[in-house]
Amino acid sequence: MRVAFFGGTFDPIHRGHLRLAAAAADAFDLDRVLFAPVGLQPLKAEHAIASFADRSEMIALALASGSHNSSAREHLPPTANFPDSRFAMSTLDAPRPNGSPNFTIDTLGALVLEYPAAQLFVLSGADSFLDLRRWRSPNQLLALAEWIVVSRPEFPLTEPQLAALALTPTQRDRVHLLTTVHEDVSATDLRRRLRTGDPCPGLLFPAVSTYIQTHNLYRSP
Ligand code: ATP
């Protein structure tokens, strides 16, 4: 079984996340992609705006959305069938009971225990992966799982960029590049637009937009 861990703040989940996951699942024949919202991201200066519960609920709503809805179809590659039975929400990276940050190295340790027989992958956008040397225990991270690194506008994903990470040949072999995703969307930009009342059509699943409006998320205090 080929299982991919897809961690992130998902504040909120958007089209870029879904395109990344669908493209990676197709290209690397993944049986399962675990969307795992993070409790407390150690490297982001700002904390998530929405609570863990709200971010999780928005992921669940997005993953349950059907592609029969034309607006939902805009979020996915033309061939995608939604809901996608390969996608699932995971609470593996939920807030730690003592309030400490969530380090991916600990989360991957838990993933290994949950899927002892699986071939494990981590999905990451280019921006996050190119920062890998700042993460805790990067060498161990590359030993515990293979990495699928996906292109993102403004974050070139080429060998010179990767060279900065000083990967050994064995590590480099465990990093797979997927350069076919070109989604110019970020949660930061969406939060800024949502603050002004823009529902961000085409970038958020309709069910997620409705949840945001109903719960009055991302509006000015
Ligand atoms: P923010 O703007 O709040 O930093 P984000 O849009 O980058 O959020 P995250 O939840 O932090 O979203 O991202 C989770 C993962 O998805 C990261 O590995 C990130 O690189 C990747 N990702 C997010 N958006 C895109 C995108 N448009 N294209 C490719 N990868 C993306």
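Visitor: How far does a polar side-chain atom of His17 lie from an oxygen atom of the ligand?
Guide: This is a predicted model, in which local features need pLDDT of at least 70 and side-chain atom pairs count only at pLDDT 80 or more, while totals for chains, interfaces and linings use all residues. Residues are numbered from 1 along each chain as its sequence is written, and side-chain values use heavy atoms, with hydrogens and water left out. A polar contact with the ligand is a pair of N or O atoms within 3.5 Å, and for the side chain of His17 and a ligand oxygen the distance is 3.1 Å.

Visitor: What share of the ligand's exposed area does the protein bury?
Guide: Backbone N or O atoms also approach ligand oxygen atoms, with Phe10 contributing one at 2.9 Å and Gly125 one at 2.9 Å. Taken alone, the ligand exposes 600 Å² (by the Shrake-Rupley method with a 1.4 Å probe), and the share of this that the protein buries is 92%.

Visitor: Which residues come nearest to the ligand?
Guide: A residue counts as near if one of its heavy atoms lies within 4 Å of the molecule. Around the ligand there are 22 residues, and those that come nearest are Lys44, Asp127, Glu183, Ala187 and Thr188.

Visitor: Which helices and strands each supply at least two residues of the shell around the ligand?
Guide: Helices (at least four residues) and strands (at least two) are DSSP runs, numbered from the N terminus. Those that each supply at least two shell residues are strand E1 (2-8), helix H1 (15-27), strand E4 (119-125), helix H5 (126-129) and helix H9 (187-195).

Notes: A polar contact is a pair of N or O atoms within 3.5 Å; within protein, one must be able to donate a hydrogen and the other to accept it, and residues adjacent in sequence count only if both atoms are side-chain atoms.
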